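Please open the model in your viewer and keep the sequence panel beside it. The stops below say what to select in turn and what is to be found there.

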Amino acid sequence: MPVGYLWTVLFVAAGTLFALAPARRTRPLAGLSFRLGLVIGELPFVALAWLLLWTAVGFAQGDIHAPAGWAVVALAAITAAGLAVVVRRGLRGRAAVDRALAEGLGADWRAAIGPETAAGLRRRRPLTASCSGRSPAGHAAWCG
C-alpha cells in the first residue's frame, strides 16, 4: 500500500472537492475548505502536475501493484477530472467579469475611463513597484 502516494492524492482530492463545492456549515470546516479550495482553484495546473508526478513515482517504484494501489490511482484519475472542471470554470471567469462590468458601468465603460488606465488594464503586471518608493499607479509602495 503506497501510503505516501495516498496522502498526496487525498490532499489534492480534498482541495479539488473544496474548490468545486466549498463547505459552509461550521466555521472551522468552512475556513479549511476556503484555504484548500483557494490553493487548488488558483493553481489547478500545479496541482495536476503534482498529482501526475507522484502517480509516475508510484508506478516507477512498483507501488501500484495491489488493489489498494489501483484504488488510489482511480481516486487520482477522478481528482484529475475534477481539476479539469476547475480549469474550465476558471477560463470562463474573464467573460463573466467583462459582462458584469458592462452591466454595472455600461457597455462603453472602457471608453469612459482615461487612456492611461485603459492601457494599464491590458498590459500592467500585477504587484509591480519601483524601488523609488512609488508604485506604477503613483501610490506609496514598500521596496524590500
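## A tour by selection

Begin by selecting Val3, which is found in helix H1, and bear in mind from the outset that the model is predicted. Val3 counts as partly exposed because its relative accessibility is 46%, which falls between the 20% and 50% cut-offs. Now add Ala68 to the selection and draw a distance between the two C-alpha atoms: Val3 and Ala68 are 65 residues apart along the chain, and these atoms are separated by 10.0 Å.

Next, zoom out to the whole protein chain and colour it by secondary structure, which shows seven helices and zero strands, so that the order of elements from the N terminus on reads α-α-α-α-α-α-α. With a surface switched on, the protein chain exposes about 10300 Å², and carbon and sulfur atoms supply 66% of that area. Of its 144 residues, 23% count as buried. If the contacts in the chain with a separation of 6 or more are listed, residues 24 or more positions apart account for 54% of them.

Now select residues 3–20, which form helix H1, together with residues 67–91, which form helix H4; their axes come within 9 Å and cross at roughly 30 degrees. Because an angle under 35 degrees counts as roughly parallel, H1 and H4 are roughly parallel to each other. The crossing of this pair is left-handed. To see the contact itself, show side chains on both helices: H1 contributes Tyr5, Leu6, Val9, Leu10, Val12, Ala13, Thr16, Ala19 and Leu20, while H4 contributes Val72, Val73, Leu75, Ala76, Thr79, Gly82, Leu83, Val85, Val86 and Arg89. Coloured by class, the contact of H1 with H4 is made up of 15 nonpolar, three polar and one charged residues.

Keep H4 in the selection and replace H1 with helix H3, residues 44–60; H3 and H4 pack at an angle of about 160 degrees, with their axes 10 Å apart. Since an angle over 145 degrees counts as roughly antiparallel, H3 is roughly antiparallel to H4. H3 passes H4 in a left-handed crossing. The residues to display on the H3 side are Pro44, Phe45, Ala47, Leu48, Leu51, Thr55 and Phe59, and those on the H4 side are Trp70, Val73, Ala76, Thr79, Ala80, Leu83, Val86 and Val87. By class, this contact of H3 with H4 holds 13 nonpolar and two polar residues, with no charged residues.

Is Thr79, the next residue to select, buried or exposed? Thr79 is found in helix H4, and it is buried, because its relative accessible area of 4% is under the 20% cut-off. Leaving aside residues up to four places away in sequence, Thr79 touches Val12, Ala13, Thr16 and Leu51. Among these neighbours, Val12, Ala13 and Thr16 are listed on the H1 side of the contact with H4, whereas Leu51 is listed on the H3 side of its contact with H4.

For the last stop, select Leu29, which is found in helix H2, residues 27–42. Leu29 counts as partly exposed because its relative accessibility of 37% lies between 20% and 50%. Which residues does Leu29 touch, not counting residues up to four places away in sequence? Displaying the surroundings of Leu29 with that exclusion brings up Phe18 and Ala23.

Notes: Residues are numbered from 1 along each chain as its sequence is written. This is a predicted model: local features need pLDDT of at least 70, side-chain atom pairs count only at pLDDT 80 or more; totals for chains, interfaces and linings use all residues. Side-chain values use heavy atoms; hydrogens and water are left out. Axes are lines fitted to C-alpha atoms, for helices over the stretch in contact, and angles run from 0 to 180 degrees between N-to-C directions. Helices (H or I, at least four residues) and strands (E, at least two) are DSSP runs, numbered from the N terminus. Angles under 35 degrees count as roughly parallel, over 145 as roughly antiparallel, 65 to 115 as roughly perpendicular and the rest as oblique. A crossing is left-handed if the near helix is turned anticlockwise from the far one by less than a right angle, and right-handed if clockwise. Contact means heavy atoms within 4.5 Å. Ala, Val, Leu, Ile, Met, Phe, Trp, Tyr, Cys and Pro count as nonpolar, Asp, Glu, Lys and Arg as charged, and the others, Gly among them, as polar. Buried means under 20% relative accessible area, exposed over 50%, partly exposed in between (1.4 Å probe, protein chains only). Accessible areas come from the Shrake-Rupley method with a 1.4 Å probe; for residues, only the protein chains shown count as cover.
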